[in-house]
Amino acid sequence: MNLPVLPSILLLVISSVHAFPYTELAQYIDSHQEEYVEALRDWVAIESDSSNVLKRQDIHRMMEVAAQKLRLMGGNVELVDIGEQELPDGQTLALPKVVTAQFGNDPNKETVCVYGHVDVQPAKLEDGWATDPYNLTEINGNLYGRGASDNKAPVLAWIHAVEAYQSLNMDLPVNVKFVIEGMEETGSNGLDAMIVAQRDTFFSDVDYIIISDCGWLSRRPALTYGTRGNCYFFAEVEGPKKDLHSGVYGGAVIEPMTDLIGILDTLISPSGKILIPGIREAVAPLSDEEWKMYQDIQFDMENYKSKIGVNQLMYSNKVDLLAHLWRYPTVTIHGIEGAFSDPGTKTVIPAKVTAKFSIRQVPNMDPAMVKKQVTDYLHSVFAKRKSPNKLKVTMVIGAKPWLADTQHALYEAGKAAVKKVFDMDPDLIREGGTIPIARTFQDVTGKSLVMMPIGGFDDGLHSQNEKISRYNYIEGTKLFIAYLNEVAQIKKSSV
């Protein structure tokens, strides 16, 4: 059969209709980068610390600022009431409203939902910051400030990606929805219930969910396909009815602090082996394929040691270290409430002390089972001490791990977008931290999810001198622009 020959000018028109105008969009981003830095400066200035109830008004203001930015872009924006938070003293406090927004409702297009958060970890200049944590400061191409990388810059980058299409009068290749919360750093209070409530409304037409609340492993861009969960515990030991003078009563009473230190010492061995029965046995074995993936990842152990300021790590080879960062559980003791920790000396026997520790969860661990294992184990260890003091074990966070299929079309689209913007293939990595909402999105909505980080490997999340580089912020915005276009091709290629 002879096919008609199309005139060259018609071929040019057809190809131009379908061509992705990446260069024009990227140039727009470059020319507006000062505006983007100022937007981040404004957001960082809001002290949206979700762990401090005295900062709750700041979070309310942060949510309104985010909502207003989306409104000004013409989005269909709502501030969703998610109820109240009950405080330890029994009082209640209004939770920050969740911002939802929608851009486009074309039924012939894919719909993505971008999740982010705008609350932050605590930060004070006297904690060791080189600059004011709430005054974005640029030094050698790095933008320092609390929340700069976690997670205000990535949220803004997604917003600016949508805005770039709008400003150039280009149709968005997909419909874009946003879910932005203000309580992620303290467990996303109220968000799970909101997702369940809106599963058949706001989320009903969502095809894919995108999270950019993580970072690269090295200077090479990355796509994240797994996170550890987290079970966070309080272990409280209570003895005398009040604090006692150690000179007057020391040697006469069985001290709560001694009991507490004793049971904490039974959680983990010096070599990192978890000693709680049943924990290690639940872990999914490391497959040969997974071992090969870890072997191929770009990771400099010497640079890693230098970055965190240690001269020895728990493991001496890359695969073992990455496996124990990402896909094996670990126990971390975070602190002891009620103990004397101020400068100077105080000869006191604390009447009540509470240890705070966590166990990072991995497939196939179940938080409910871990709660029972830890509680039973600590009570059995405590009983052997024959102490008259009282032990109370409470699990305050029980977040499940999350794992995705790296062969899914969402990840193929991610690889293509990274190649477009950075001219290299991404590392496929897992995250040692916890993003609880990922598992909730997956379980409740049944939608596929991808994690696409733009934060650098040395951004110092949750630490002093948190930053994001100008390069990652601006090139990350371009990555999101390219990714929206790549996601639009998924449906077309599957038809």
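Val 331 has Ile 359 of strand E15 as its bridge partner, and this pairing is a convenient place to enter what is a predicted model. Strands E13 and E15, which run antiparallel, are joined by six bridges. Strands of a sheet pair through backbone hydrogen bonds, and the pairing may be either parallel or antiparallel.

Moving outward from that pair, one finds an open sheet of four strands, arranged in the order E13-E15-E11-E16 with antiparallel pairing. E13 and E16 are the edge strands, each of them pairing on one side only, and neighbouring strands are turned on average by 20° against each other when direction is ignored.

Two helices can be placed in relation to this sheet. Helix H8 lies across E11, E13, E15 and E16, and runs at about 15° to E15, while H12 packs on the sheet by touching E11, E15 and E16, with a direction that makes about 160° with that of E16. Within H8, which spans residues 256-264, the buried residues are Pro 256, Asp 259, Leu 260, Ile 263 and Leu 264. Because these buried residues fall within an arc of 130° when H8 is viewed down its axis, they line one face of the helix. The buried residues of H8 pack against strands E11 (229-238), E13 (331-337), E15 (352-361) and E16 (390-399), and also against helix H12 (367-384).

Two further aspartates invite a look at their surroundings. Is Asp 459 buried or exposed? With a relative accessible area of 1%, which is under the 20% limit, Asp 459 is buried, and its place is in the loop between strand E19 (448-451) and strand E20 (467-469). The side chain of Asp 459 makes a polar contact of 2.7 Å with that of Ser 149, and another, of 2.9 Å, with the side chain of Lys 467. Neighbours within four places in sequence aside, the residues in contact with Asp 459 are Ser 149, Asn 465, Glu 466, Lys 467, Ile 468 and Ser 469. Asp 288, by contrast, is exposed, its relative accessible area being 70%, and it belongs to helix H9 (residues 288-296). Between the C-alpha atoms of Asp 288 and Thr 406, residues that stand 118 apart along the chain, the separation is 16 Å.

Confidence in the prediction deserves a closing word. The chain averages a pLDDT of 94, and 96% of its residues score at least 70, yet over residues 1-17 the pLDDT is below 50, and this stretch has two contacts in the model beyond near neighbours in sequence. Where pLDDT is low, the predicted coordinates should not be read in detail.

Notes
Residues are numbered from 1 along each chain as its sequence is written. This is a predicted model: local features need pLDDT of at least 70, side-chain atom pairs count only at pLDDT 80 or more; totals for chains, interfaces and linings use all residues. Side-chain values use heavy atoms; hydrogens and water are left out. pLDDT is the predictor's confidence in each residue, from 0 to 100. Contact means heavy atoms within 4.5 Å. Buried means under 20% relative accessible area, exposed over 50%, partly exposed in between (1.4 Å probe, protein chains only). The arc is that of the directions from the helix axis to the C-beta atoms. Two strands pair if DSSP finds at least two bridges between them. Axes are lines fitted to C-alpha atoms, for helices over the stretch in contact, and angles run from 0 to 180 degrees between N-to-C directions. A polar contact is a pair of N or O atoms within 3.5 Å; within protein, one must be able to donate a hydrogen and the other to accept it, and residues adjacent in sequence count only if both atoms are side-chain atoms.
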